[in-house]
Amino acid sequence: MTPQARVQAAIEILDAVIAAARTKGAPADRLFTEWFRTRRFAGSSDRRAVRAIVYDAIRACGDIPASGRAAVLRLAQDDPALAILFDGSRHAPAPIAADDPVAPAGVAPVWLEQALTASGLDGPELRALLDRAPLDIRINGLKAALAELPEPGEPTPAPFARRFPPGTPVEQWQAYLAGAIEVQDAGSQLVCAAVGAQPGEAVVDLCAGAGGKTLALAAAMDNRGTLLACDADRARLSRLPPRAERAGVTIATTRLLDGGREAAALADWAGRADAVLVDAPCSGTGTWRRNPEARWRLDERELARLTVLQARLLDVAAALVRPGGRLIHVVCSLLDAEGADQVSGFLVRHPGWRAAPLALGAGRPRGDGVRLTPYHDGTDGFFVARLERL
């Protein structure tokens, strides 16, 4: 592909990404793959170049652009070498006209950027949300003897983590195939540590998804005790058993929940759990480094729905915890509405509980919890709070 054709390809893929963002359709990575599936003539260097333009444009535009062309023109305003490729030649985008719409720059849609600012994030903090994320791994304590890595990596705030450049093919390493390492952001590992799971305990991972945190909890428990992983998404939860087998985890069992009827499905666990982790569905504002187009998919109505769901799940979790036990609230969000405000609301609804201090070795206090950010901690953005039943 010529440089001009690469720009045009990026514009076409961005058109599809923009349409999907408006309709909550397929994610950008899938659309990128689908576009190239029918263009066998494109080589790996073409894919890399087009991908760079696509994601640079996504990161540069605060709100949903009017079109893929408007998004790439946002980049071209600051990059003369890119602007000159709009020359109208074969397979190239049409020349830039004086009245061509250019997508406005920004970190996020205006309402969302204002909400983040109100949640205590300043300019550098906001801009760091759109940096490219590194690749972190967790060394599985159950198979640590097999964790011989072909590259040493860099240390992270999490004690069992190593950090590598984006795109490092760790899933091809023997240590990964043997289950000795897992791909997991260091921030995600730190919030698992906040659970304080111990061997022999009874622990519930209430929103387990595909089980990344479940596996970390099992390792902390030295594969001894009872660990229940729950989720309402059958497809995601079904990925946990094979992952657990590879990681050598035998204490984790799964339970599919019916959304809205979780309490009934967990009645046998009422007042039994030493700890319950609620990694609640959230806006994902802390994960934009990995999914920058996600900020185009969020609106105020969806945020309101998520905060109601989070509060309900915290109430469900509270009923599972034994006296003296603990509940850990986690969101990969930096919005107070999903973090500090949720904890405040929980403590009002549940007077027999208190917030306990956390010492993660990273993060800064926010309300009754701790917040991790890409800017200060080099991790994905998280809020975590530990609540104890009196």
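**A helix pair, an annotated cysteine and two unusual loop residues**

In this predicted model, helices α2 (residues 28-37) and α3 (residues 44-60) come together with their axes within 12 Å, crossing at roughly 145°. The crossing of this pair is right-handed. On the α2 side, the residues making the contact are A28, D29, F32 and F36, and these meet D46, R47, V50, R51, Y55 and I58 of α3. Sorted by type, the residues at this contact come out as 6 nonpolar and 4 charged, with no polar ones. The charged side of that tally includes D29 from α2 and R47 from α3, while F32 and F36 of α2 are among the nonpolar residues.

Next comes the cysteine picked out by the database record. An unreviewed UniProt entry carries an "active site" annotation that covers C332; such annotations may be inferred rather than shown by experiment. In the model, C332 sits in a loop, with β8 (321-331) on one side and α15 (340-349) on the other. Is C332 buried or exposed? With a relative accessible area of 18%, C332 counts as buried, because the cut-off for that label is anything under 20%. Setting aside neighbours within four places in sequence, C332 touches another cysteine, C282, along with G284, T285, G286 and T287. Its contacts also include G381 and F382.

Helix α15, which follows the C332 loop, holds Q342. This glutamine is buried, and its relative accessible area is just 5%. Which residues does Q342 contact, leaving aside its neighbours within four places in sequence? The partners are T307, Q310, A311, L314, H329, D336 and A337. One of them, H329, falls within the residue range of β8 (321-331), so Q342 links helix α15 to that strand through a contact, meaning heavy atoms within 4.5 Å.

Finally, there is a backbone oddity in the loop between α10 (212-220) and β5 (226-231), where D222 is located. Most residues other than glycine have a negative phi. D222 goes the other way, with a positive phi of about 55° despite not being a glycine. N223 also has a positive phi, near 60°, and is likewise a residue other than glycine. The loop that holds N223 is again the one between α10 and β5. As for solvent, D222 is partly exposed, at a relative accessible area of 39%; that label applies because the value falls between the 20% cut-off for buried and the 50% cut-off for exposed.

How values were computed
Residues numbered from 1 in each chain as written. Predicted model: local features only at pLDDT ≥ 70, side-chain atom pairs only at ≥ 80, totals over all residues. Heavy atoms only, no water. Helix = DSSP H or I, 4+ residues; strand = E, 2+ residues; numbered from the N terminus. Buried < 20%, exposed > 50% of the residue type's maximum accessible area, 1.4 Å probe, protein only. Axes fitted to C-alpha atoms, helices over the stretch in contact; angles between N-to-C directions. Left-handed = near helix turned anticlockwise from the far one by under 90°.
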